[in-house]
Structures are given as C-alpha cells and as structure tokens.
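Work through these exercises with the structure open beside you. Try each task before reading its solution.

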Amino acid sequence: MELRAQRQAEVTRERAALAAQRYYQAGFGQWRPYEVAVSGQKLTTSIVTQDPWVDLAQPIGNGQDRFEYRPSLHRESNLSSSAAQAAVRSLAESLEKGSQIVNAEIYSLTSVNVEPGRISGSVDVIDFVRYALTLNLLEGELLAAVAAGSPERPGAMPLRDEFLPDIAAVADFGGRVCAGGALALTAIARPRGRTNDPDYLLLVQERSGSVLNANRRLAVIPKAFHGPMSDYSEDARFSATLEREMEEELFGRTDVDSTVGAQLHADPMHPSLLSDPMRWLVERQETDGWRMESTAVGINLVSGNYEFASLIVIEDEEWWVKYGGHVRANWESSGLHRYSSLDLDRLNALTLDQRWSNEGIFAFTQGCRRLAEIGGTRVRMPSIEWE
C-alpha cells in the first residue's frame, strides 16, 4: 500500500488533469476545460466550465446566491461488486493513514443556473460517507491509472466507467451524487508597513494529511464541502458555508466544525455567538468594509464535484490592525502561508506551483484576476489569461 501511495503522490496535478481531460475527449460540447496562461506558461486543470460561468464578479451573501433545498426520494442505488470492494479498500487505507472521516451531512447539487446578478439552483442532502465511498474513489483510481501508464494511455478506470462515463453523466447533477465545495481566496487590506506600501494579505493553506479532500495540496482558505449546519433551507446558500468556514478555519470557532461533534445551537451564526473578527464584518456587511463575490463556477472532472470559487476582500485596514492576530488555520491545514499582493515574483512562483489542487488553482487564479481589477495600487499581479 505504501508503494502504491508513493507512486500516486508522484503524479502531478497537471498529469492527472490531462488524463481526466483525455478520458472525456469524445466531446465537451458547451463545456470548456479551465486552462490559463500565467506569465506565458500554460496551466491545465481538471475543471470544466462554461463561458458565462467564469469571471463573474458576482456579489453574494445578500440573497444573490439562492439555492433551494429539495429533498429527493430516488437517490439511493446499490453499488456494483467492484465499487463495493474499492470502497472497503479505500476506507481501510484512509483509517490506516489517519484520515479524519465524519459522516456529516453535505449538499448534493441537483440543478444550477448562472445568470447576470444571480446564481441559483437546487440541492439535496446526503451523508458524507455516501460520497466518500462512491465519487470520491475516482481520484485515487485516476492517480493509480496514470501512475501505471501515462496521461495519453492511463490504465483501466472501471469505477469512472461506472459512475462518470461521459460528459453527459458529469453534467447530470440531478441523476447522480454531486457533492461540491465552496472555496474563496481571502484578501485583507493592510496599512503601509515599515518595508512595504499598503497592500492586501493573501492567505494560502497547505492541506493536512488528515483531510480526505485535497490531501497535502495547496488550497485557498476558506475551503469546505458545501453543507448545512442546522437549517437545510437557509444554509443552502454557498455564501453561508463560506461565512461558517471563516469562523472555523480562520477565527478558531470549533463549535461550527462538523467533525468535532453534533451541532447543538439553534442558530450557530447568531450575532451573539460570532467571534469578534466575524462580528466586526457582519456589522459592516451593508457598507464598503468588506465584500464577498463569486468569481466562477466549475465542475471537477476528477471527482465530479461542483466548485463555487469566490473572493473575500476585507477593504478596511482597521480590521487587520484590530484582528490580524486572531487569524489562524485549524486542524485541516498543516501550514498557513501569507503573500503580499505587491510581491509579483512570489505570486508568480506560487501560481505555477504544482502542489495546487485543481479546485484550488481554479479559485486562486480567478480571485487574482478579479483582485487585479479592483485592487488599484495595492496590487501587482502576474499576468493570468484564461485561454
């Protein structure tokens, strides 16, 4: 098992993305692979999207992301014998590695509509283990297939043949398990310091080896599965997931972490329960103190997950002066890295780093493109062109 894990770890994100793209090469139709040129160097990802779903600059959090909870009665299905064996093997390997698996509830996308001024759709609720033992198996199978062959001729992928055999199946959100994530590049305005002009602090995490998703990869923060806390309907907005994850992943609230224990608060995000940094933001939600925007929507071919990429910008320098010392990552990260929005060379090297997860580089590049538009003199970004 260790040798197999080592070989899979040596498969770069780029090789895995190319293999995923080539598996579906019979035709993408209206879907386009998300590829960008960074300072002239091409980056390939396993994300597919559509022209109207990219560079959105869509405000969220005040009713602009409206997702309805619509429970379904026909989602259950039996696993084939090969899928069941793969599920048992994956579970045993995860337990041996010490991965933290909690059977929390997550949303499964059933429809999505992206239009100017609004992102809407519908979701169902499923147990996390149902996803972990089905669609989540596809990443390991893909890495093993590439390690055994090449991106041009990877090995057999019977689970992918069963769960996501073609683009039509990928896009059939209502007909399959379709878990997903809400993730955002966080940019915090800082005043002039002793060594630099006013800038934005950009936060990037290195994912812990204990997480099941994007294990040991670079990712933006916050990043989480889109899921409910206490109200299936109200929590269906992906902006609600982002706000919860800011509390958990950046400000240290453990009572909103679904891996720690059951949710006992009737309203976990009630103003009386918020951390001081989050309360400051919520009180200024209608002003220019901060903003939360959707930047892009995509589907990850590796797992079939939907990805809601966003940008969180805290514009008021006062926040960093008051609460910068409160920012710290939780157990899901093995490291939290900070970058200045004025440090062009480091940002260029970061963007080209092969350790990014596919959804991570998707959200990061989309966030950087948007920040370059609105950041003014606080920003010197690498050239990032969507091809």
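**Exercise 1. Lay out a sheet.**
The model is a predicted one. Task: find the order of the three strands in the open sheet, and name the edge strands.

Solution.
- Step 1. The three strands run in the order β4-β6-β5, and the sheet is open. Its pairing is mixed.
- Step 2. Look for strands that pair on one side only: these are β4 (65-69) and β5 (105-115), the edge strands.
- Step 3. Now the twist. On average, neighbouring strands of this sheet are turned by 25° against each other, direction ignored.
- Step 4. Zoom in on one pair. β4 and β6 (residues 118-127) are joined by five bridges, in the parallel sense.
- Step 5. Pick out one bridge: Phe-67 has Gly-121 in β6 as its partner.

**Exercise 2. Find the core.**
Task: which residues touch the most other members of the largest nonpolar core?

Solution.
- Step 1. Recall a general trend: in soluble globular proteins, nonpolar side chains tend to be buried together.
- Step 2. The largest nonpolar core here has 77 residues. Phe-67, Tyr-131 and Trp-319 touch the most other members.
- Step 3. Ask which element gives the most to this core: α5 does, with six residues.
- Step 4. Set this core aside. Another core lies apart from it, with 33 residues, including Leu-185 and Leu-347.
- Step 5. Return to Phe-67. Leaving out residues up to four places away in sequence, its contacts include Leu-109, Val-112, Ile-119, Val-123, Phe-238 and Phe-308.

**Exercise 3. Pack two helices.**
Task: describe how α11 and α12 pack.

Solution.
- Step 1. Choose the descriptors: two packed helices are described by the angle between their axes and the distance between the axes.
- Step 2. For α11 (residues 344-351) and α12, the angle is about 145° and the axes are 11 Å apart.
- Step 3. List the contact residues. α11 brings Leu-347, Leu-350 and Thr-351, while α12 brings Ile-361, Phe-364 and Thr-365.
- Step 4. Sort them by type: four are nonpolar, two polar and none charged.
- Step 5. Check another residue of α11, Asn-348. Its side chain makes a polar contact of 2.5 Å with the side chain of Ser-39. Asn-348 also touches Val-38 and Pro-382.

**Exercise 4. Buried or exposed?**
Task: is Arg-244 buried or exposed, and is Gly-40 buried or exposed?

Solution.
- Step 1. Fix the cut-offs: buried is under 20% relative accessible area, and exposed is over 50%.
- Step 2. Arg-244 has 7%, so Arg-244 is buried. This residue sits in helix α8 (residues 238-250).
- Step 3. See what Arg-244 meets. Its side chain reaches the backbone oxygen of Gly-227 at 2.9 Å. Its contacts also include Phe-225, Pro-228, Met-229 and Met-269.
- Step 4. Gly-40 has 71%, so Gly-40 is exposed. Gly-40 lies in the loop between β1 and β2.
- Step 5. Compare sequence with space. Gly-40 and Ile-384 are 344 residues apart in sequence, yet 8.4 Å apart in space, C-alpha to C-alpha.

**Exercise 5. Cover a helix.**
Task: which residues of α2 are buried, and what covers them?

Solution.
- Step 1. Scan α2 (residues 13-23). Arg-13, Glu-14, Ala-16, Ala-17, Ala-19, Ala-20 and Gln-21 are buried.
- Step 2. Look for the cover. Strands β1 (32-38) and β2 (41-49) are part of it. Helices α5 (137-148) and α12 (358-374) also belong to it.

Technical notes. Residues are numbered from 1 along each chain as its sequence is written. This is a predicted model: local features need pLDDT of at least 70, side-chain atom pairs count only at pLDDT 80 or more; totals for chains, interfaces and linings use all residues. Side-chain values use heavy atoms; hydrogens and water are left out. Buried means under 20% relative accessible area, exposed over 50%, partly exposed in between (1.4 Å probe, protein chains only). Helices (H or I, at least four residues) and strands (E, at least two) are DSSP runs, numbered from the N terminus. Contact means heavy atoms within 4.5 Å. Two strands pair if DSSP finds at least two bridges between them. Axes are lines fitted to C-alpha atoms, for helices over the stretch in contact, and angles run from 0 to 180 degrees between N-to-C directions. Ala, Val, Leu, Ile, Met, Phe, Trp, Tyr, Cys and Pro count as nonpolar, Asp, Glu, Lys and Arg as charged, and the others, Gly among them, as polar. A nonpolar core is a set of buried Ala, Val, Leu, Ile, Met, Phe, Trp, Tyr and Cys residues joined through side-chain atoms within 4.5 Å. A polar contact is a pair of N or O atoms within 3.5 Å; within protein, one must be able to donate a hydrogen and the other to accept it, and residues adjacent in sequence count only if both atoms are side-chain atoms.
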